[in-house]
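Me: Could you take a close look at one part of this model for me? I'd like to hear about the nonpolar core, and then about a strand that is worth following through the fold.

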Amino acid sequence: MLIGGSAFWGTVIETGADVGKLQLDDGRVIDAETACYLPPVSPSKIIAVHISYSSRSMETRNRPKPTETPTYFTKPPSSLNGHRGQILKPADCSYLNYEGEYAVVIGRTCRNVTPDEAWDCMAGFCPALDMGLQNFRDTDQGSMLRVKGADTLLPIGPGIVRGVNLLEETLRTTVNGQVVQEAHIGEETIWGPHYVIADLARHITLVAGDVILMGTPCHSRSVDAGDVVACEITGIGRVEGTVTAIPAPRASALGVGAPPTDSDEVRRVALGFDERVPERFKDNLRKARQRS
């Protein structure tokens, strides 16, 4: 977190008069609710799984497993954002989708490991929001570079949590306080983090601080300026961000680069398949939009 212009690590106090507050690494105690949070990671790389929840695969592919083995994309470290940060939505992009996820933080150099060995390579877990500017889906042609890699599109934190059996926890995404995604991680997971890490580490050396994003459940939808989006995972914590409107980039007005599009493919992903998701998520999103 940022205190007086300097970065500090903080630890949640679990007992005593200051329970729930944060103790900084210099001994000071501060209020967790008023702290200015930085991303708790400094990765050399961020790798994300395309689809790893059965409900997401059913919604987008109409089958419980999207592919025989996982597929991936990368996000630049500059996409990182802290808890309670601003998630920027440019004026020329109409679709900014939320995806509540858990992130795995690598704890030590990891290369050529088995799935069983991969558990020992994890430093811990964080809630994350893998936001996406879907209007660039056509121009990125599968790379997801601008869709998922633009600045501020990865709120993560507030901290790194260890000693939790992730597969027993529940993930929830909210928009303006309304639950719009929910999944019991163990029940919906197609490939666990141990499998994903072992798969990646066959050919890519993972180092301490690297981040693996483990996909999202069904019902990723677009949000607007002023919406507060949060991902909460039982036993781990909660990260949130506020969608903030900004002007279109100046170079775009000069005709630089491919413009954002609003094609059938963009809408297929941004708007999803409402007939394949629970009614309560759709109802809650309508309520969230009425409040924004």
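**The core and a strand**

Reply: Let's start with the core, keeping in mind that this is a predicted model. The largest nonpolar core counts 61 residues, and Tyr102, Ile197 and Ile212 have the most contacts inside it. Strand E12, residues 122-129, supplies the largest share of this core, with six residues. As for background, nonpolar side chains in soluble globular proteins tend to be buried together.

Take Ile212 as a way in. Setting aside neighbours within four places in sequence, Ile212 touches Ile47, Tyr102, Ala103, Val104, Ile106, Val196, Ile197, Leu200 and Leu206. So that list includes Tyr102 and Ile197, the other two residues named for having the most contacts in the core. There's also a second, separate core of nine residues, with Met1, Ile3, Ile30 and Ala35 among them.

Now for the strand, E15, which covers residues 170-175. Five of its six residues are buried, so E15 is largely enclosed by the rest of the structure. E15 has partners in two strands, E16 and E18. With E16 (residues 178-184), E15 pairs in the antiparallel sense over six bridges, and Thr174 sits opposite Val179 there. The two strands make a hairpin with two residues between them; in that turn, Asn176 has a positive phi of about 50 degrees. With E18 (residues 228-233), the pairing is again antiparallel, over five bridges, and Leu171 has Ile233 as its bridge partner.

Methods: Residues are numbered from 1 along each chain as its sequence is written. This is a predicted model: local features need pLDDT of at least 70, side-chain atom pairs count only at pLDDT 80 or more; totals for chains, interfaces and linings use all residues. Side-chain values use heavy atoms; hydrogens and water are left out. Buried means under 20% relative accessible area, exposed over 50%, partly exposed in between (1.4 Å probe, protein chains only). Helices (H or I, at least four residues) and strands (E, at least two) are DSSP runs, numbered from the N terminus. Two strands pair if DSSP finds at least two bridges between them. A nonpolar core is a set of buried Ala, Val, Leu, Ile, Met, Phe, Trp, Tyr and Cys residues joined through side-chain atoms within 4.5 Å. Contact means heavy atoms within 4.5 Å.
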